[in-house]
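Colleague: Please take a close look at one buried position and its surroundings. Then move outward to the core and the backbone.

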Amino acid sequence: MNTPRPLILISNDDGVDAPGIEFLARVASRHGDVVVVAPASAQSGKSSALTVNSPLMLKRQAGYAGCDAEVYSVNGTPVDCVKVALHAVVTHRPALLLSGMNHGSNAAVNNIYSGTMGAAMEGCVVGIPSVGFSILSHSWEVDMKPTEQYVDRVIHYVLTHGLPDGICLNVNFPASPEVKGLKVTRAARGYWSEEYADYTTPDGKPFYWLTGNFINLEPEAADTDEYWLKRDYGSVVPIRPDQTALDMMSGLSSLSD
């Protein structure tokens with residue numbers, strides 16, 4: 001008797017046509033039956049945003065070369081894609097939700113802005129083991145081949161062992177010709193400075209364009225994602241969508257009636 005292959009749902013925030021999601025679908029197809037439901041256009045920086053005042057349209061797309069995946073687009077955010085997929089596309093609960101491969105870093109504080117991680121956290125919230133993958137290059141020409149064995153390893157691990165309830169994984173890779181390995185880390189503490197460049201329209205009206213520099217507050221901390229990414233290792237950070245600061249509750253107990 002043949003055992004059914006696990007169902008793997010994939011989304012992203014770069015859009016259904018991005019090379020990164022095609023790469024991820026090809027790797028994932030070795031492990032299970034792949035269904036891709038991704039935004040029709042780029043949705044970077046959307047975090048866990050939802051579309052609430054516009055209709056969402058689901059459209060079947062051509063598949064990707066090198067894998068037998070069902071591919072759909074949705075005119076919404078990454079979280080919209082996950083919700084629509086679970087509502088209207090998949091016929092049974094996915095064994096795994098993957099998001100990415102994102103073109104650009106989602107390490108450190110970037111994970112809270114990330115549509116890639118928004119999709120992964122949505123899967124986590126509804127109890128599906130979920131992983132977001134990113135590579136530290138915005139170029140659509142970046143070579144993802146050096147990450148392949150590690151993407152494969154993470155997918156195999158999560159399908160085999162699962163993840164603790166309420167935990168998803170944020171996996172980042174250097175854009176390097178050689179990825180030296182994986183390190184399980186925490187997210188580095190940091191922030192963005194000089195986030196906007198100032199411009200003026202021809203008629204003298206000011207406008208602003210997102211830019212900025214990431215400031216790592218602990219560049220020598222050897223247990224962080226940023227530390228190991230700079231040394232050509234991939235980073236694996238366990239993330240909790242539940243952001244309750246449990247350690248602070250007793251200190252605020254005097255506020256309770």
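Modeller: What follows starts at Ser130 and then widens to the nonpolar cores and some backbone angles.

This is a predicted model, where local features need pLDDT of at least 70, side-chain atom pairs count only at pLDDT 80 or more, and totals for chains, interfaces and linings use all residues. Residues are numbered from 1 along each chain as its sequence is written, and side-chain values use heavy atoms, without hydrogens and water.

Ser130 is found in strand β6, residues 130-135. Strands (E, at least two residues) and helices (H or I, at least four) are DSSP runs, numbered from the N terminus. Ser130 counts as buried because its relative accessibility is 0%. Buried means under 20% relative accessible area, exposed over 50%, and partly exposed in between, with a 1.4 Å probe and protein chains only.

The side chain of Ser130 has two partners to note here. It reaches the backbone oxygen of Ala120 at 3.4 Å. A polar atom of the Ser130 side chain also lies 3.3 Å from the backbone nitrogen of Cys124. Contact means heavy atoms within 4.5 Å. Leaving aside neighbours within four places in sequence, Ser130 is in contact with Leu97, Ala120, Gly123, Cys124, Leu163, Cys168 and Leu169.

Now the core. A nonpolar core is a set of buried Ala, Val, Leu, Ile, Met, Phe, Trp, Tyr and Cys residues joined through side-chain atoms within 4.5 Å. The largest one has 35 residues, and Ile10, Val36, Leu98, Val131, Phe133, Val151 and Phe173 touch the most other members. Elements giving two or more residues to this core include β1 (7-11), β5, β6 and β7 (168-173). Helix α1 provides the largest share, six residues. A second, separate core of 15 residues includes Leu7, Tyr72, Val74 and Ala85.

Ile10 touches, among others, Ile21, Leu24, Val36, Leu98 and Gly100, not counting residues up to four places away in sequence.

Gly100 leads to the backbone. The peptide bond from Gly100 to Met101 is cis, with omega near -10 degrees. Met101 lies in strand β5, residues 96-103.

Two loop residues deserve a check. Ser47 is not glycine, yet its phi is positive, near 50 degrees. Ser47 sits in the loop between β2 (33-39) and β3 (58-61). Ser47 counts as partly exposed because its relative accessibility is 21%. Asp232 also has a positive phi in a residue other than glycine, near 70 degrees. Its place is the loop between α5 (225-229) and β13 (234-239). At 25% relative accessibility, Asp232 counts as partly exposed.

Key. A polar contact is a pair of N or O atoms within 3.5 Å; within protein, one must be able to donate a hydrogen and the other to accept it, and residues adjacent in sequence count only if both atoms are side-chain atoms.
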